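Visitor: I like knowing which cut-off sits behind each word people use about a model. Let's put one on screen and go through the terms.

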Amino acid sequence: EAMRAGAFDYVTKPFKRDEILVVLERASEHRALRDENKRLRAAVDRTKSMGDLQGDSPAMREIYSLVRRVADSSSSVLITGESGTGKEVVARTLHFSGARRNAPFVPVNCTAIPEGLLESELFGHVRGAFTGATTNKTGLFVKANHGTLFLDEIGDMPGSLQSKLLRVLQDREIRPVGGTESIKVDVRIVSATHQDLRDKIARGEFRQDLYYRLNVIPIHIAPLRERPEDVIRLAQVFLERHPNGVTKQISDAALRRLT
């Protein structure tokens, strides 16, 4: 019964000193192996979680190092870089490498949702809040609770919503559109933009206080033209992911042209 409840072993009376020592030695080895197995599993999980980030350039190695250092933090992250550099890939890797990996990762593109609907998407709404609101709607902040909310193209967020997002970051609670009760949320905010938010601040198009709330941990992704040594690695990865049942190979001449 004790072993079914989790005991490693048991000793019957009367027992000998050597018998006790053997059992203790085996238990100690078992514990050491179990701890080592946990450590290796954690290392393997962390290695796998970087798998979607590809490249051996110094710029990419710096991103790997930064992601590992801040993955378990709850501080806001702002990812910058040109369109197509992989900002969402970095955001997903950051989430699935950290302590929130078992909670939701919820992405939202701030340019893909009309301004009039974005507030409802983020914070939810109650029935009757506006024309067409026939039922209560759960917002993305609540859906991402204990996880990560990825706000892509944050630079295009309307000014009216910027102030409401700032309040959420300060108070850690949201209020659905038309609602009277606030809801506490525990969400890590990771945002991304291809724009220079400091220029938008200078033009009065983006709140400076919100910028500092979002830019606690900055991550910049260099364009591929600034790290051509990653081209070959990326080409090989894309080829492996899309074999179409045929063994394919990129010639040296083609790799030179791609680089």
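Visitor: Where is Thr148, and what makes that stretch a strand?

Guide: Thr148 is in strand E5, residues 148-152. Strands here are DSSP runs of E with at least two residues, helices are runs of H or I with at least four, and both are numbered from the N terminus. By that rule, E5 counts as a strand. Bear in mind that this is a predicted model, where local features need pLDDT of at least 70, side-chain atom pairs count only at pLDDT 80 or more, and totals for chains, interfaces and linings use all residues. Residues are numbered from 1 along each chain as its sequence is written, and side-chain values use heavy atoms, leaving out hydrogens and water.

Visitor: Is Thr148 buried or exposed, and how do you know?

Guide: Its relative accessible area is 2%. Buried means under 20%, exposed means over 50%, and partly exposed is in between, using a 1.4 Å probe and protein chains only. Thr148 is therefore buried.

Visitor: What does Thr148 touch?

Guide: Leaving out residues up to four places away in sequence, Thr148 touches His95, Arg100, Pro104, Phe105, Val106, Val187, Arg188 and Val190. A contact here means heavy atoms within 4.5 Å. For a pair at the other extreme, take Leu24: the C-alpha atoms of Thr148 and Leu24 are separated by 45 Å, with their places 124 residues apart in the chain.

Visitor: What makes E5 "mostly covered"?

Guide: Five of its five residues are buried. Thr148, Phe150 and Asp152 point one way from E5, while Leu149 and Leu151 point the other way.

Visitor: How do you know which strands E5 pairs with?

Guide: Two strands pair if DSSP finds at least two bridges between them. E5 and E8 (residues 188-193) have four bridges in the parallel sense, and five bridges join E2 to E5, also parallel; both counts meet the cut-off of the definition. Looking at individual residues, Thr148 stands opposite Arg188 in E8, Leu149 has Ile189 in E8 as its bridge partner, and Asn109 stands opposite Asp152 in E5.

Visitor: What is the order of the open sheet, and why are some of its strands called edge strands?

Guide: The order of the five strands is E2-E5-E8-E1-E9, with parallel pairing. E2 and E9 (217-220) are the edge strands, as each pairs on one side only. Neighbouring strands are turned by 20° against each other on average, direction ignored.

Visitor: Which helices lie across it?

Guide: H2 (residues 58-70) lies across E8 and E9, running at about 155° to E9. H3 (residues 87-96) lies across E1, E2, E5, E8 and E9, at about 160° to E2. Those angles, on a scale from 0 to 180 degrees, are between the N-to-C directions of lines fitted to C-alpha atoms, for helices over the stretch in contact.

Visitor: What makes something a nonpolar core?

Guide: It's a set of buried Ala, Val, Leu, Ile, Met, Phe, Trp, Tyr and Cys residues joined through side-chain atoms within 4.5 Å. In the largest one, which has 29 residues, Leu122, Phe141, Leu149, Leu151 and Ile154 touch the most other members. H6 (159-171) gives the largest share, five residues. Apart from this core lies another of 19 residues, including Ile63 and Val77.

Visitor: Why are the buried residues of H9 said to be on the same side?

Guide: Val231, Leu234, Ala235 and Val237 are buried in H9 (residues 231-241). They cover an arc of only 165° around the axis, which puts them on the same side of H9. The arc is that of the directions from the helix axis to the C-beta atoms. What they pack against is helix H10 (252-258).

Visitor: What is notable about the backbone at Glu153 and Arg172?

Guide: Most residues other than glycine have a negative phi, and most peptide bonds are trans. Phi of Glu153 is near 55°, and Arg172 has about 60°. Glu153, at 11% relative accessibility, counts as buried, whereas Arg172, at 32%, is partly exposed. There's also a cis peptide bond between Lys13 and Pro14, with omega about -10°.

Visitor: Where does pLDDT stay under 50?

Guide: Over residues 44-49. pLDDT is the predictor's confidence in each residue, from 0 to 100. Where it is low, the predicted coordinates should not be read in detail. The chain averages 88, and 93% of the residues score at least 70.
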